[in-house]
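Here are my notes from going through the model, point by point. Have the structure open alongside while you read.

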Amino acid sequence: MSTTYGNKRLVVGAHYGWRDFLVQRISGALIAAFTLIVLLQVLFTQGPIGYDTWAGIFAAQWMKALTFSVIVALIWHAWIGMNSIWLDYVKAAGVRLLLQTFTVIWLVSCGGWALQALWRL
């Protein structure tokens, strides 16, 4: 028999915290692994590193798929971070909405530019 003192706490809300926490950790690990892979490829490349070398690193289909995944992860990672900042520190709803809208437009534009650069190789 258990005794409960006081009211039972009812947790309500959107419950984004756990999902955002996991996305931040998983996307951060993916970005770190990608950085390590590219760094190792650059370190073990013989001779000068020019455009042809960089194009060669990213020309393989598996590397393009990994880079695409990292671009998506980076955008999602940045969105969660920036949205948390706007929600925590900007109290005026109109200003916060404007900043969130600008952030989405900026991140989508950067993602489009990165994908264009990737698929141009």
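1. I'd start with the short pair: α2 and α3 are roughly perpendicular to each other. Their axes cross at roughly 85 degrees and come within 6 Å, and the band for calling a pair roughly perpendicular is 65 to 115 degrees. On the α2 side the contact is made by I57, F58 and A59, and on the α3 side by Q61, M63, K64 and T67. Sorted by class, that contact has 4 nonpolar, 2 polar and 1 charged residues. Do bear in mind that all of this is read from a predicted model.

2. Stepping back to the overall layout: the protein has 4 helices and 0 strands, so to speak an α-α-α-α run from the N terminus on. Among the contacts with a separation of 6 or more, 67% are between residues 24 or more positions apart.

3. Next, the other pair worth a look. Helix α3 covers residues 61-89 and helix α4 covers residues 93-120; their axes come within 10 Å and cross at roughly 170 degrees. Anything over 145 degrees counts as roughly antiparallel, and α3 and α4 are therefore roughly antiparallel to each other.

4. Which residues in α3 and α4 meet? From α3 the list is Q61, K64, T67, F68, I71, I75, A78, W79, M82, N83, W86 and L87, and from α4 it is R96, L99, Q100, T103, V104, L107, G111, A114, L115, L118 and W119. The residues of this contact divide into 15 nonpolar, 6 polar and 2 charged. Q61, K64 and T67 of α3 are on this list, and they also turn up in the contact with α2.

5. Now the core. The largest nonpolar core has 8 residues, namely F34, V38, I57, F58, M63, L66, V70 and L118. At least two of its residues come from each of α1 (16-43), α2 (51-59) and α3. The largest share, 3 residues, is supplied by α3.

6. Within that core, try clicking on F34. Leaving out residues up to four places away in sequence, F34 touches F58, M63, L66, T67 and V70. Of these, F58, M63, L66 and V70 are fellow members of the core.

7. L118 is the core residue I'd check after that. L118 sits in helix α4 and is buried, with a relative accessible area of 4%; the cut-off for buried is under 20%. Not counting residues up to four places away in sequence, L118 touches F58, K64, T67 and F68. Take F68 in particular: F68 and L118 are 50 residues apart in sequence, yet 8.1 Å apart in space, C-alpha to C-alpha.

8. Is L97, another leucine in your view, buried or exposed? L97 is found in helix α4, and with a relative accessible area of 52% L97 is exposed, given that the cut-off is over 50%. The C-alpha atoms of L97 and L87 are separated by 9.6 Å, with their positions 10 residues apart along the chain.

9. Last, the surface totals. Of the 121 residues of the protein, 21% count as buried. The accessible surface comes to about 9200 Å², and carbon and sulfur atoms hold 70% of that.

Technical notes. Residues numbered from 1 in each chain as written. Predicted model: local features only at pLDDT ≥ 70, side-chain atom pairs only at ≥ 80, totals over all residues. Heavy atoms only, no water. Axes fitted to C-alpha atoms, helices over the stretch in contact; angles between N-to-C directions. Parallel < 35°, antiparallel > 145°, perpendicular 65-115°, else oblique. Contact = heavy atoms within 4.5 Å. Nonpolar A, V, L, I, M, F, W, Y, C, P; charged D, E, K, R; others polar. Core = buried A, V, L, I, M, F, W, Y, C linked by side-chain atoms within 4.5 Å. Buried < 20%, exposed > 50% of the residue type's maximum accessible area, 1.4 Å probe, protein only. Areas by Shrake-Rupley, 256 points an atom, 1.4 Å probe, with all protein chains shown as cover.
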